[in-house]
Amino acid sequence: MTDLYLIKIGEITLKKGNRALFERQLRNNIKKMLRPHPTRVTNRSGRFYLECEDLEEEYVSACLSKVFGIVGYTRSYSCAKELDALEEKALLVARQNIDAGVGMKFKIETRRIDKSLPLDNYGYSAEIGGRVFEKIPGLTVDVKNPDWIIHIELREKGYVYGYTHKGPGGLPVHTGGKGMLLLSGGIDSPVAGYLMSKRGMSLDAVYFHTPPYTSPESLEKVKDLARIIAPWTGGLTLYTVPFTDVQVQINRSVRPETTTLHSRAAMMKIAQSMAHKRKDLALITGEALSQVASQTLESLAYTNSQVDLPVFRPLIGMDKEETILISRKIKAFETSTQPYDDCCSLFSPEHPEVKPDLKKTREDWDGIEDIGKLMAQAEAQAEKCYFPAEVEKD
């Protein structure tokens, strides 16, 4: 049996001349999320229609809930634009709600796109509502405070559906260019990647690993985070860079209070070099203004000065609680808070510099012996792992 899902879009409708590009990408992203299961995705007049077979509704819902560009989706039933056919599907939706125990107060809402039909919106709602009321004992019509609503859309066909699940909104991934995410094992960077993908950006990711100072468990933690955000980002390639020699050289060469700053600068430089090779057009970090010493305005000015690519910091004006709410929403929080330290926290000085002098700090960087060679070696030894955009099927 073929199941039908009606999908609603939002911001895409504002794209005018470029709208077809966004719609085409959204269609591809929906099919990719449900791969390898056979599906058919079509769009007409501001609605997308997904047809699939033998897939649990819970699984389809889990997939659609992670596709940016969708603002709402619902299991739907299509039929002829005739009263008897509409009644049949409305009774089906009504009984589903009653079986789910959500109450007995209902109403009908109709949206008539086909203006050639004999009744107006109110006329169809009243007629179908009356028929449902008569056929199912115990129902109450309540147009102001219903327990559930039966929606009818009259387009090229009739579409009847119940509850609409909220989608993630945003723009389809792969419509906003590609960037390189600096992914750590903390709370912030996975959220930053999620937010940039919500604006249509596809991502690569890089993680800086410092064995033996950081454990194999810390690397597995980052891979788990990459796996968690991959459905949101349309798939994710993670590059693990061995950073130990770079970090040790920095620690022995600069003032202790500036080690974190220079380590961040080295990460940005390596990430930029990798981004250029992969045609990524921006760097993305999870930094928030003044959250820690390396994220003061003066510190950010220094790390920015070491790269030429734009640096996107979607969390820059957010407080920690706002970030945690999103981390929980995307189910990354429990993994992010596992007690495995990353290289930044392990090598953090006791009294880090909060307001570094840009000129002096850059001069200190220039005095680090062989730093360029060590960074190139680290980049060359990076390991690659791909995480597909998929939701596990029970």
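A crossing is left-handed if the near helix is turned anticlockwise from the far one by less than a right angle, and right-handed if clockwise. Keep that handy for the helix pairs below. What you're looking at is a predicted model, in which local features need pLDDT of at least 70 and side-chain atom pairs count only at pLDDT 80 or more, while totals for chains, interfaces and linings use all residues. Residues are numbered from 1 along each chain as its sequence is written, and side-chain values use heavy atoms, with hydrogens and water left out.

**Panel A. The whole chain, for orientation.**
The chain carries 14 helices and 15 strands; these are DSSP runs numbered from the N terminus, with helices being H or I runs of at least four residues and strands E runs of at least two. Along the principal axes, the C-alpha atoms fill a box of roughly 85 × 40 × 35 Å. Of the 394 residues, 52% are buried, where buried means under 20% relative accessible area, exposed means over 50%, and partly exposed is in between (1.4 Å probe, protein chains only). Take the contacts with a separation of 6 or more, and 79% of them link residues 24 or more positions apart; a contact here means heavy atoms within 4.5 Å.

**Panel B. The largest nonpolar core, centred on Val246, Leu283 and Trp365 as the members that touch the most others.**
In soluble globular proteins, nonpolar side chains tend to be buried together. A nonpolar core is a set of buried Ala, Val, Leu, Ile, Met, Phe, Trp, Tyr and Cys residues joined through side-chain atoms within 4.5 Å. The largest one in this chain has 30 residues. Strands 10 (178–182), 11 (202–209) and 12 (236–242) each give two or more of them, as do helices 7 (244–253), 8 (259–277) and 14 (371–380). Helix 8 is the top contributor, with nine residues. Set aside the neighbours within four places in sequence, and Val246 is in contact with Ala266, Ile371, Leu374, Met375 and Ala378. There's also a second, separate core of 28 residues, with Leu195, Met201, Leu219 and Ala226 among its members.

**Panel C. Helix 7 against helix 8.**
These two pack at an angle of about 145 degrees with their axes 9 Å apart; axes are lines fitted to C-alpha atoms, for helices over the stretch in contact, and angles run from 0 to 180 degrees between N-to-C directions. The crossing is right-handed. Helix 7 brings Val246, Gln247, Ile250 and Asn251, and helix 8 answers with Thr259, His262, Ser263 and Ala266. Sorted by class, that contact has three nonpolar, five polar and no charged residues. For the class labels, Ala, Val, Leu, Ile, Met, Phe, Trp, Tyr, Cys and Pro count as nonpolar, Asp, Glu, Lys and Arg as charged, and the others, Gly among them, as polar.

**Panel D. Helix 9 against helix 13.**
Helix 9 (297–305) and helix 13 (358–366) meet at about 45 degrees, axes 10 Å apart. That makes helix 9 oblique to helix 13: angles under 35 degrees count as roughly parallel, over 145 as roughly antiparallel, 65 to 115 as roughly perpendicular and the rest as oblique. Their crossing is right-handed. On the helix 9 side you'll find Ala301, Tyr302 and Ser305, touching Leu358, Thr361, Arg362 and Trp365 of helix 13. The class tally for this contact is four nonpolar, two polar and one charged.

**Panel E. Helix 3 against helix 4.**
Here the angle between helix 3 (83–99) and helix 4 (121–135) is about 55 degrees, and the axes sit 10 Å apart. Helix 3 is therefore oblique to helix 4, and the crossing is right-handed. Leu83, Asp84, Leu86, Glu87, Ala90, Leu91 and Ala94 of helix 3 face Tyr124, Glu127, Ile128, Arg131, Val132 and Lys135 of helix 4. By class they split into eight nonpolar, no polar and five charged.

**Panel F. Three single residues: Ser197, Pro146 and Glu392.**
Ser197 belongs to helix 5 (188–198) and is buried, at 0% relative accessible area. Beyond its neighbours within four places in sequence, Ser197 is in contact with Phe68, Leu171, Val173, Leu203, Trp232 and Thr233. Pro146 is in the loop between strand 6 (140–141) and strand 7 (148–154) and counts as partly exposed, at 21% relative accessibility. Outside the neighbours within four places in sequence, Pro146 is in contact with Lys105, Phe106 and Lys107. Glu392 comes in the segment after strand 15 (383–387) and is exposed, at 70%. The C-alpha atoms of Glu392 and Tyr59 are 8.2 Å apart, though the two residues are 333 residues apart along the chain.
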